[in-house]
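Q: Could you take me on a close look at one part of this protein? I would like to see how a sheet is put together, strand by strand.

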Amino acid sequence: VNHVRELTGYHRVMVYKFHEDEHGEVVAENKRDDLEPYMGLHYPATDIPQASRFLFKQNRVRMIADCRATPVRVIQDENLMQPLCLVGSTLRAPHGCHAQYMANMGSIASLAMAVIINGGEEEGTKNSMKLWGLVVCHHTSPRCIPFPLRYACEFLMQAFGLQLNMELQLASQMSEKHILSTQTLLCDMILRDSPTGIVTQSPSIMDLVKCDGAALYYHGKYWPLGVTPSESQIKDIVEWLLATHGDSTGLSTDSLADAGYPSAASLGDAVCGMAVAYITSRDFLFWFRSHTAKEVKWGGAKHHPEDKD
């Protein structure tokens, strides 16, 4: 953001990251000192519709010189067989809703640049592209930057996207390597000792999954680690699993209450999410996550200081 602001001269530059549910968060910001900070604010996914996200993959730099400017009507020659497409046009006027959105933020001019990474298998094909986020510049007065500078910004975003993609891939590979190494050690424990070794020795099954607690239920006995339900509660969970998911080989849920477990409320905040793997029809491995309370600051609305999302 520092380099982009120096390069373009805009009053505010933000990095806007999309989360898995497609809502956005401002994760970096450089601004003029007197402007209100947006760092850490979250914005709903509807702020950037799917159509706009698709267009950002085609036209990766979008400039609005003055959101208050009166749009000029495009007159199309009647002899043209197809309607004129302005997707790649810099002169294309912003949608009225977006112009009002900018005005509400005190921004008159803007420059939005797409950050593209490899989508991988998530997007269906190996060579697909994924819109990771945007670098957004705001100015409190009309501003138009020339094409060579916009082209330089696009090249900078390509370099940033490549670097980001490499770092994300490296983090994923390191995580996968750690999991495979831990998995191998746990399998060796099972072969050398009884299955209880994976909860009584180190590494344990808690090192395999990011969790607050884990447990082994084997031959009617219970070995808990970390934050887990009591033995009577785990037996009740086992009976519920056998009754409702008896044909399954495992279950994973962010919330036992949402999964339909009738006694979820009795577990309190200590146990909320659960993953279970069936060893046999009566033996199970459990991983648990506690309820996480998180305060999210949403942009675009005035919240009472005591209100929490």
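A: Here is a walk through one sheet, with its edge strand as the main stop. This is a predicted model, in which local features need pLDDT of at least 70 and side-chain atom pairs count only at pLDDT 80 or more, while totals for chains, interfaces and linings use all residues. Residues are numbered from 1 along each chain as its sequence is written, and side-chain values use heavy atoms, with hydrogens and water left out.

Let's begin with the whole sheet. Five strands form an open sheet in the order β8-β7-β11-β10-β9, with antiparallel pairing. β8 (221-226) and β9 are at the edges with a single partner strand each, so one side of each has no neighbour in the sheet. On average, neighbouring strands are turned by 15 degrees against each other, direction ignored. (Strands are DSSP runs of E, at least two residues; helices are runs of H or I, at least four; both are numbered from the N terminus. Two strands pair if DSSP finds at least two bridges between them.)

Now for the edge strand β9, residues 250-253. β9 pairs with β10 (residues 273-278) in the antiparallel sense over four bridges, and leucine 251 has valine 276 of β10 as its bridge partner. In a regular strand, side chains alternate between the two faces of the sheet. Along β9, Leu251 and Thr253 point to one face and are buried, meaning under 20% relative accessible area with a 1.4 Å probe, protein chains only. Gly250 and Ser252 point to the other face and are not buried.

Definitions and conventions
Buried means under 20% relative accessible area, exposed over 50%, partly exposed in between (1.4 Å probe, protein chains only). Axes are lines fitted to C-alpha atoms, for helices over the stretch in contact, and angles run from 0 to 180 degrees between N-to-C directions.
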